[in-house]
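Okay, everyone, let's get the picture up on the screen. I'll talk you through it piece by piece, so follow along on your own copy if you like.

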Amino acid sequence: MLSLCYLPTAGRLTVTVIKMRRLRALDITGSSGESRHHRLLCSKKRHWKMTIFVSGSAGASIRSRNLYSSTDPYVKVIVMCQGRRIKKKKTSVKKATLDPVYNESLVFDVPNENVDDVTLLVKVIDYDRLGANELLGAVVIGSAALGLGREHWQEMLECPRRPVAQWYPLLDSVPDNLPTSPLRGKLSSCSSNN
């Protein structure tokens, strides 16, 4: 579950990650075996904060909890401006759980003149000590995003100083059309300090 809050006078964007539920279990080698459909589930109550819920097949979280299956998830938020990665921050890693609780806020400096050029790439990743970390899912939020990601961004801008919550379907991979230049940039026309 995610919440966005923007303070235009301070140029501060806060992304709050609350919790996830029913992540797909990975075996001891780090592979997930069968693929499962991931999505963010919507709560009926209006919260000031939002929680990422990832659902697997019915009962998968109970069946896959054994000594050989676990997930060590964390969330990485990447701020991009005009196609360049500006800043990234991560939550803590929650060890051996399919239902992690974070309650962590990640704060980014985004000047008001750059807010229309910013895109957030939110990745849910399984941490592995050996080998590569595995992407469990991703969400794109911002003025360049499509659908819910763009609507959420616009609602956040229309309601400054107020956290705005939104549920998203979790994508299995990072979209190909998302600019992911490895160059590090800066904001304020992508050229001031962050």
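So, look at the hairpin that β1 and β2 form, with 4 residues between the two strands. In that turn sits Gly11, and it has a positive phi of about 65 degrees. Keep in mind throughout that this is a predicted model.

Now, which way do those two strands run? β1 and β2 are antiparallel, and 6 bridges join them. If you want one pair to find on screen, take Tyr6, which stands opposite Leu13 in β2.

β1 has another partner too. 3 bridges join β1 to β8, and that pair is also antiparallel. Here, Ser3 has Ala165 of β8 as its bridge partner. And is β1 enclosed or open? Of its 6 residues, 5 are buried, so the rest of the structure largely encloses β1.

Stay with β2 for a second, because there's a nice borderline case in there, and the reason it counts is a cut-off: buried means under 20% relative accessible area. Thr14 is in strand β2. Its relative accessibility is 18%, so Thr14 counts as buried. Leaving out residues up to four places away in sequence, Thr14 touches Ser3, Leu4 and Cys5, and also Ser105, Leu106 and Val107.

Okay, zooming out. The chain has 2 helices and 9 strands. Going from the N terminus, the order is β-β-α-β-β-β-β-β-α-β-β. There are 194 residues in the chain, and 48% of them are buried. Here's one I like: take the contacts with a separation of 6 or more, and 69% of those are between residues 24 or more positions apart. As for the outside, the chain exposes about 10000 Å², with carbon and sulfur atoms supplying 50% of that.

Next, the helix I want you to look at, α2, which covers residues 148-158. Which of its residues are buried? They are Gly149, His152, Trp153 and Met156. Look down the axis of α2 and those buried residues fall within an arc of 100 degrees, so they line one face of the helix. Turn to the face pointing away from that buried side, and you find the exposed residues Glu151 and Glu158. And what do the buried residues of α2 pack against? A set of strands: β1, β2, β6, β7 and β8.

That brings us to the inside. In soluble globular proteins, nonpolar side chains tend to be buried together. In our model, the largest nonpolar core has 31 residues, and the ones touching the most other members are Leu13, Leu120, Ile141 and Trp153. You've met Leu13 already, opposite Tyr6, and Trp153 was on our buried list for α2. The elements giving two or more residues to this core are β1, β2, β3, β5, β6, β7 and α2. There's also a second, separate core of 6 residues, and it includes Ile78, Met80, Ala138 and Val140.

Let's pick out Leu120. Again setting aside residues up to four places away in sequence, Leu120 touches a whole list, including Leu4, Leu13, Val15, Val77, Ile141 and Trp153.

Now β6 and β7. These two run antiparallel, and 8 bridges join them. One spot to click on is Leu121, which stands opposite Val140 in β7. How many of the 9 residues of β7 are buried? The count is 8, so β7 is largely enclosed by the rest of the structure.

Last stop is the loop between β4 and β5, where you'll find Lys94. Buried or exposed? Neither, quite: Lys94 is partly exposed, at 24% relative accessible area. The side chains of Lys94 and Ser92 are joined by a polar contact of 3.4 Å. Beyond its neighbours within four places in sequence, Lys94 is in contact with several residues, among them Thr71, Asp72, Pro73 and Tyr102. If you like distances, Lys94 and Val75 are 19 residues apart in sequence, and their C-alpha atoms are 9.9 Å apart in space.

Thr97 lies in that loop as well, between β4 and β5. A polar atom of the Thr97 side chain lies 3.0 Å from the backbone nitrogen of Asp99. Not counting residues up to four places away in sequence, Thr97 touches Thr71 and Pro73. You heard both of those names a moment ago, in the contacts of Lys94.

Right, that's the tour. Shout if you'd like me to go back to any part.

Methods
Residues numbered from 1 in each chain as written. Predicted model: local features only at pLDDT ≥ 70, side-chain atom pairs only at ≥ 80, totals over all residues. Heavy atoms only, no water. Buried < 20%, exposed > 50% of the residue type's maximum accessible area, 1.4 Å probe, protein only. Arc of directions from axis to C-beta. Contact = heavy atoms within 4.5 Å. Pairing = 2+ DSSP bridges. Polar contact = N/O pair within 3.5 Å; in protein donor to acceptor, adjacent residues only side chain to side chain. Areas by Shrake-Rupley, 256 points an atom, 1.4 Å probe, with all protein chains shown as cover. Core = buried A, V, L, I, M, F, W, Y, C linked by side-chain atoms within 4.5 Å.
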